[in-house]
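Thanks for coming, everyone. Let me put a model up on the screen, and then I'll walk you through a few spots in it.

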Amino acid sequence: MDQLRETLKGHHLRTTTCREDVLSTFISKKNALSHGDLEGALGENYDRVTIYRTLKTFLEKGIIHKVLDDEGLRYALCSHNCSEEKHHHDHIHFKCSECGETNCLENIHIPAVQLPKGYHPENFNLLIQGVCPKCG
(Lines give C-alpha, C1' and ligand atoms only; values in the text may rest on other atoms or scores of the structure.)
Protein backbone atom coordinates (compact mmCIF):
# COMPACT_ATOMS: atom_id res chain seq x y z
CA MET A 1 0.00 0.00 0.00
CA ASP A 2 2.89 2.37 0.72
CA GLN A 3 4.30 1.76 -2.79
CA LEU A 4 0.95 2.77 -4.29
CA ARG A 5 0.78 5.96 -2.27
CA GLU A 6 4.41 6.80 -3.03
CA THR A 7 3.79 6.34 -6.76
CA LEU A 8 0.76 8.60 -6.65
CA LYS A 9 2.57 11.18 -4.53
CA GLY A 10 5.60 11.06 -6.84
CA HIS A 11 3.32 11.97 -9.75
CA HIS A 12 1.65 14.77 -7.75
CA LEU A 13 -1.66 12.96 -7.37
CA ARG A 14 -3.98 12.84 -4.43
CA THR A 15 -4.51 9.34 -3.06
CA THR A 16 -8.01 7.95 -3.58
CA THR A 17 -9.30 4.42 -3.17
CA CYS A 18 -10.01 4.13 -6.89
CA ARG A 19 -6.52 5.28 -7.87
CA GLU A 20 -4.96 2.83 -5.42
CA ASP A 21 -7.14 -0.04 -6.67
CA VAL A 22 -6.48 0.66 -10.35
CA LEU A 23 -2.72 0.98 -9.76
CA SER A 24 -2.73 -2.18 -7.66
CA THR A 25 -4.50 -4.05 -10.47
CA PHE A 26 -1.84 -2.99 -12.99
CA ILE A 27 0.92 -4.07 -10.62
CA SER A 28 -0.62 -7.45 -9.86
CA LYS A 29 -1.56 -8.32 -13.48
CA LYS A 30 1.81 -7.27 -14.99
CA ASN A 31 0.38 -7.05 -18.53
CA ALA A 32 -1.47 -4.45 -20.57
CA LEU A 33 -5.12 -4.03 -19.56
CA SER A 34 -8.14 -2.66 -21.34
CA HIS A 35 -10.80 -0.53 -19.71
CA GLY A 36 -13.01 -3.64 -19.73
CA ASP A 37 -10.30 -5.71 -18.04
CA LEU A 38 -10.17 -3.17 -15.24
CA GLU A 39 -13.95 -3.11 -14.92
CA GLY A 40 -13.93 -6.89 -14.59
CA ALA A 41 -11.10 -6.92 -12.07
CA LEU A 42 -12.56 -4.16 -9.92
CA GLY A 43 -16.09 -5.53 -9.94
CA GLU A 44 -18.84 -3.10 -9.15
CA ASN A 45 -16.68 -0.96 -6.86
CA TYR A 46 -16.39 1.82 -9.47
CA ASP A 47 -18.44 2.86 -12.46
CA ARG A 48 -16.93 2.94 -15.93
CA VAL A 49 -16.62 6.75 -15.97
CA THR A 50 -14.60 6.78 -12.74
CA ILE A 51 -12.26 4.13 -14.15
CA TYR A 52 -11.99 6.06 -17.43
CA ARG A 53 -11.11 9.29 -15.59
CA THR A 54 -8.51 7.46 -13.51
CA LEU A 55 -6.90 6.04 -16.67
CA LYS A 56 -6.91 9.49 -18.29
CA THR A 57 -5.23 11.01 -15.24
CA PHE A 58 -2.65 8.20 -15.07
CA LEU A 59 -1.85 8.75 -18.78
CA GLU A 60 -1.45 12.48 -18.29
CA LYS A 61 0.81 12.04 -15.26
CA GLY A 62 3.06 9.39 -16.84
CA ILE A 63 2.01 6.41 -14.71
CA ILE A 64 0.68 4.36 -17.64
CA HIS A 65 1.02 4.42 -21.42
CA LYS A 66 -1.22 3.39 -24.29
CA VAL A 67 -0.76 0.06 -26.02
CA LEU A 68 -2.57 -0.58 -29.29
CA ASP A 69 -3.22 -4.20 -30.19
CA ASP A 70 -5.57 -6.00 -32.57
CA GLU A 71 -8.43 -5.73 -30.07
CA GLY A 72 -8.09 -2.00 -29.47
CA LEU A 73 -6.66 0.18 -26.77
CA ARG A 74 -4.95 -1.18 -23.68
CA TYR A 75 -2.83 0.44 -21.02
CA ALA A 76 0.40 -0.65 -19.33
CA LEU A 77 2.45 0.66 -16.45
CA CYS A 78 5.34 2.91 -17.33
CA SER A 79 8.58 1.38 -16.13
CA HIS A 80 10.73 4.40 -16.83
CA ASN A 81 10.65 7.81 -15.25
CA CYS A 82 7.78 9.09 -17.31
CA SER A 83 6.15 12.39 -16.49
CA GLU A 84 3.50 14.77 -17.74
CA GLU A 85 6.04 16.24 -20.13
CA LYS A 86 7.54 13.09 -21.64
CA HIS A 87 6.72 9.42 -22.01
CA HIS A 88 9.58 7.07 -22.93
CA HIS A 89 8.01 4.17 -24.79
CA ASP A 90 10.11 3.23 -27.75
CA HIS A 91 9.76 -0.47 -26.98
CA ILE A 92 7.94 -3.38 -28.60
CA HIS A 93 4.65 -4.85 -27.39
CA PHE A 94 3.99 -8.59 -27.74
CA LYS A 95 0.53 -10.16 -27.86
CA CYS A 96 0.24 -13.88 -27.25
CA SER A 97 -2.12 -15.66 -29.65
CA GLU A 98 -2.75 -18.35 -27.01
CA CYS A 99 -3.49 -16.50 -23.74
CA GLY A 100 -4.30 -13.11 -25.27
CA GLU A 101 -2.01 -11.16 -22.95
CA THR A 102 -0.19 -8.12 -24.31
CA ASN A 103 3.14 -7.36 -22.64
CA CYS A 104 5.79 -4.68 -22.95
CA LEU A 105 9.20 -5.93 -24.07
CA GLU A 106 11.13 -3.08 -22.48
CA ASN A 107 14.59 -4.17 -23.61
CA ILE A 108 13.71 -4.39 -27.30
CA HIS A 109 13.48 -0.96 -28.87
CA ILE A 110 11.61 -0.06 -32.00
CA PRO A 111 14.10 0.26 -34.86
CA ALA A 112 14.65 3.72 -36.34
CA VAL A 113 12.27 4.49 -39.18
CA GLN A 114 13.10 7.06 -41.85
CA LEU A 115 9.89 8.88 -42.67
CA PRO A 116 9.39 10.89 -45.85
CA LYS A 117 10.12 14.60 -45.70
CA GLY A 118 7.42 16.56 -43.92
CA TYR A 119 6.34 13.76 -41.56
CA HIS A 120 7.03 14.35 -37.88
CA PRO A 121 6.37 11.36 -35.58
CA GLU A 122 4.92 11.95 -32.14
CA ASN A 123 4.87 8.39 -30.85
CA PHE A 124 5.61 4.86 -31.97
CA ASN A 125 3.71 1.60 -31.57
CA LEU A 126 4.99 -1.78 -32.66
CA LEU A 127 3.01 -4.94 -31.90
CA ILE A 128 4.37 -8.41 -32.50
CA GLN A 129 2.01 -11.37 -32.23
CA GLY A 130 2.97 -14.93 -31.47
CA VAL A 131 3.22 -17.34 -28.53
CA CYS A 132 4.62 -16.15 -25.20
CA PRO A 133 7.02 -18.22 -23.04
CA LYS A 134 4.20 -19.06 -20.61
CA CYS A 135 2.13 -20.67 -23.39
CA GLY A 136 4.98 -21.97 -25.53
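I'll talk about a sheet, a histidine in it, a helix, and then the cysteines.

One thing up front: this is a predicted model, so please keep that in mind throughout.

Okay, the sheet. Three strands make an open sheet, in the order E4-E3-E5, and the pairing is mixed. The edges are E4, residues 102-109, and E5, residues 127-130, each of which pairs on one side only. Going from one strand to the next, the twist averages 30°. For those who don't look at sheets every day, strands pair through backbone hydrogen bonds, either parallel or antiparallel. E3 and E4 run antiparallel here, with 5 bridges joining them.

Now to the histidine. His-91 sits in strand E3, which covers residues 91-96, and across from His-91, in E4, stands His-109. So is His-91 buried or exposed? His-91 is buried, because its relative accessible area is 1%, and the cut-off for buried is under 20%.

What does its side chain do in there? It makes a polar contact with the side chain of His-65, at 3.5 Å, and another with the side chain of His-93, at 3.2 Å. If you skip the neighbours within four places in sequence, the contacts of His-91 include Cys-104, Leu-105, Glu-106 and Ile-108. His-65 and His-109 are on that contact list too, along with Ile-110.

Next, the helix. H3 spans residues 35-42, and its buried residues are His-35, Leu-38 and Leu-42. Looking down the axis of H3, these buried residues fall within an arc of 60°, so they line one face of the helix. The general reason is that an α-helix has 3.6 residues a turn, so residues three or four places apart point the same way. And what covers the buried residues of H3? The cover includes helix H2 (17-29), helix H4 (48-61) and strand E2 (72-77). Right after H3 comes Gly-43, with a positive phi, near 65°.

Last bit, the cysteines. How many disulfides does a search of the whole structure find? It finds 0. Take Cys-99: the closest cysteine sulfur to its own is in Cys-96, 3.7 Å away, which is too far for a bond, because the cut-off for a disulfide is 2.5 Å between the sulfurs. Cys-99 is partly exposed, with a relative accessible area of 34%. Cys-78, on the other hand, is buried, at 15%.

That's my tour, and I'm happy to go back to any of it.

Note on methods
Residues are numbered from 1 along each chain as its sequence is written. This is a predicted model: local features need pLDDT of at least 70, side-chain atom pairs count only at pLDDT 80 or more; totals for chains, interfaces and linings use all residues. Side-chain values use heavy atoms; hydrogens and water are left out. Helices (H or I, at least four residues) and strands (E, at least two) are DSSP runs, numbered from the N terminus. Buried means under 20% relative accessible area, exposed over 50%, partly exposed in between (1.4 Å probe, protein chains only). A polar contact is a pair of N or O atoms within 3.5 Å; within protein, one must be able to donate a hydrogen and the other to accept it, and residues adjacent in sequence count only if both atoms are side-chain atoms. Contact means heavy atoms within 4.5 Å. The arc is that of the directions from the helix axis to the C-beta atoms. Two strands pair if DSSP finds at least two bridges between them. Axes are lines fitted to C-alpha atoms, for helices over the stretch in contact, and angles run from 0 to 180 degrees between N-to-C directions.
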